Amino acid sequence: MKTHYQPFFLVFSLFFSLSLVAQPGGGFGGGQPSLKGNIKGIVLDDSTGEPVEFATVVLLAGNGRTQLDGQITDEKGAFKMTGLNAGKYVVKINFLGYEDLLIEDLETTPKKPDIDLGDIRISTDAVTLETATVTGESALIENRIDKIVYNADQDATNSGGDATDVLRKVPLLSVDLDGNVSLRGSQNLRILVNGRPSTIFASSVAEALKSIPSDQIKSVEVITTPSARYDGEGSGGIINIITKKKEAQGFTGTVNGSIGNRQNNAGLNLNALLGRFGLNGGVNSFWSWRRDGSLEFLREDLDGSGTVIRTIDQGGVNGNRVVGINGNIGAFYDFNAYNSINFTGRYNSFGSYNDSDIDGQLRDLISETTLDFGRTSTTDALRSGFDFTTDYKKTWADKKDKELIFAFQLSGNDSDSENLLDQNGSIPIYQRDINNINDGLNLEYTFQVDYVHPFSEKVKMETGVKSVLRRIESDYTTEVKDSDGAPFVVAPELTDLFNYDQDVYAGFLSFNVNLGEKWGLVAGTRYEITEIGGDFRSENPGFENSYQNLLPSIILNRKLNMFSGLKASYTKRIQRPSLFYINPFTAIADPNNLQIGNPELEPEIVEQYELAYNNYIKGVVINASVYYRQTSDLIESFLDVEDNGIASQTTFLNIGSADNYGFNFFTQATLFKILTLRGNLNLNIYDGTGVVNGEQLNRTANVWNGFGSGSLKMTEKLRIDLFGFFRGQNQTLQGTTPSFGIMSVGLNYDLSKRTTFGIRAVEPFNETKRFPSDLEGSNFRQSSVFNIPFRSIGISFSHKFGQIDFKAQRRNSRVKNDDQKENEGGGQF
């Protein structure tokens, strides 16, 4: 196999040479650090003296027109704007039922950098609502220019769950039974943790998400229109999961846990900040009790006229349990105000055990014969991964927002599975026992340099280069035992070692331009070179391929007023297949239904147009968007029935193309100061077409999902949260996957400022849930139904120790490898 490293050496040489001159005290920057100041205050009702919670506080430049920052007051009416340079400012305070207040002529200086406005009293206006009073945003959802943020730590129903439970509550997202995540109908996403990619998502996104306890998630960011600085993949968008990491001067920690009839978890997190040095870390574990479900399956094979000639009918019970652990450690050191270094490490391990007992019949309607068969199977799977990231950041005293960053990341993922199949039947295919083993390893090396240069207050340039080197291997073995008394023998045609290399070299240039007081523009392009190669230990032929992509993006924003705006955007992106899609290992958990990857897949090419509107009207949040997405070289699963009329095989193909037209609407409002309601609706039309083996495939379908939720503040210490979600059937060119709905209720009670107790119930009125799916081809019809226990009740607690007055510090790495199409479900690879 031939590899090409010339672009890599160019990137590495630039990385090395720039790092020499950018050392602390080196040739960049100079001068003394400028002192940062703050403006703080407490907003009170003028007549009662009570704190005004959820008031909007906006920081403006001295001209009173340019918005610099914005906050929502807390339960004590307090706010604090930090990190301010010396200068003149204006503060504007707004809240429903009160007159707007403008505080002008504020000035911070190097001698007096801080301003304490003390108690700020605002007066009620003459407007009285006849019915419900909308009082403000609880900050659970934030609308920003380039993203939507869901603050998970504000939602009591998240206690005791995992990341899939959290993502179901995020606007624009949809998560099905298996943990498949989609954004406005597309599963071609890139998921980051604290702004960084992780190889733990390469084998199975669903299982990786289940290994992240919901109690450890601070917020989720959804980026629908990534700019040129993001990797070209993740064609449907990017999801960034921010975990809880609070830092304070001194030592702090949190211990939490939950126990229930379905899932349990426990965790410990510690933080220390001593001057310019910070250290944080944590360990979290989770485990589930055994859950037994049932399966019904029917496939009808057809002749050329559509007449049924053969059926396979099978069903039985299956059980599942999981256990996992994840840990993280991070450290940073500020050499001075302009030079800092950051280290982070993360480990994740997820183990699952599955067993099943299935009986079935094969009926040949032409010969009028019936064959009975049965099987028991056990599957042990262990997936573990790590990430180590370090980056060095250089800023300048005389140039605000100018920065240079060098970053390196090493990621690894080990995915091992073994499936033992014990069969009985009257023909050879149902008599042999099978041992199916797959050990996969994925190593990823990332080198990155980013530079930001502000030419003026209105024009800022971002540029950078990046190299990602992926080394993947899949060692798979299939052993067959023809009868109960015979030994297991290796099946050579199903045994091999597959090596796969994927190297991506990229550079980007982007400009952020302020076109006056109302208009803003982000425009840029990204150029990526991809080189891939694969070979086998056996005599199976290897392959090589390379391709180049120019990926432009443009975002135009129109500010309508202080709290509303329009955004129009265009992006072109690609979606490379990950290990799950290319792995040639044949999974034989069910000899009637085989699955195999396709190492010759090409990347998808996606172009998207979007128009979005957001507003904040007296405490009511509104976000709406329409979009059109065109996908070529569409990657979808394809099921084909083999000639023997028994086994079907599912693989992945560049099956054709698809157009998606969609609409999304989200709103949130607070009523009577104690009740917050939220609603989200996603609608899109899937229009796909393709040709496989001469068979024309076409499908047009409506796809939708939505959720509703509410938070009721009973007292200062007691809060109740409700949540309901429904996702309609997802569509492929061959059929539909199951619809999915869920409801939950949670109660949180603050025993003290340090200790919280919670109760959570999922599907309290339904012990089990039913999930049907249907597929159809030119020579078959297939339907299946899974019945799974779902009712879950649990309790949770959280206790903080050490200093409680935290000062949050976001130190996310610049490394964001959002460039692969990954398995969204819990597949075998």
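**Pocket, ring pair and ion pair**

The second largest pocket has a volume of about 350 Å³ (an open set of 1 Å grid points where a 1.4 Å probe fits, with protein on both sides within 12 Å along at least five of seven lines). The model is predicted: local features need pLDDT of at least 70, side-chain atom pairs 80 or more, while totals for chains, interfaces and linings use all residues. Numbering starts from 1 along each chain, and side-chain values use heavy atoms, without hydrogens or water.

**Exercise 1.** Find which residues line the second largest pocket closest to its centre, and classify the lining.

*Solution.* Step one: take the lining, 17 residues (an atom within 4 Å of a point). Step two: pick those closest to the centre, namely P51, V52, E53, E75 and K673. Step three: sort the lining by class. Eight residues are charged, six nonpolar and three polar.

**Exercise 2.** Describe the geometry of the F373 and Y430 ring pair, then place both residues.

*Solution.* Start with the search: the whole structure has 17 aromatic pairs (centres within 6.5 Å). F373 and Y430 are 4.3 Å apart centre to centre, with 20 degrees between the planes. The pair is stacked (planes under 30 degrees apart). Now the location. F373 sits in strand β21 (369-395), Y430 in the loop between β22 (403-425) and β23 (433-454), so the pair ties together parts 57 residues apart in sequence.

**Exercise 3.** State what R781 pairs with, and why the contact links parts of the chain.

*Solution.* There are 17 salt bridges (Lys or Arg side-chain nitrogen within 4 Å of an Asp or Glu carboxyl oxygen) in the structure. R781 bridges to E300, closest N and O atoms 2.9 Å apart. R781 belongs to strand β43 (780-789) and E300 to strand β18 (291-302), so parts 481 residues apart in sequence are tied together. Strands are DSSP runs of E, at least two residues.

Notes: Grid points are joined across faces, edges and corners, and a volume is the space filled by probe spheres set on the points. Ala, Val, Leu, Ile, Met, Phe, Trp, Tyr, Cys and Pro count as nonpolar, Asp, Glu, Lys and Arg as charged, and the others, Gly among them, as polar. Rings of Phe, Tyr and Trp (its six-membered ring) pair if their centres lie within 6.5 Å; planes under 30 degrees apart count as stacked, over 60 as edge-to-face and the rest as tilted. Helices (H or I, at least four residues) and strands (E, at least two) are DSSP runs, numbered from the N terminus.
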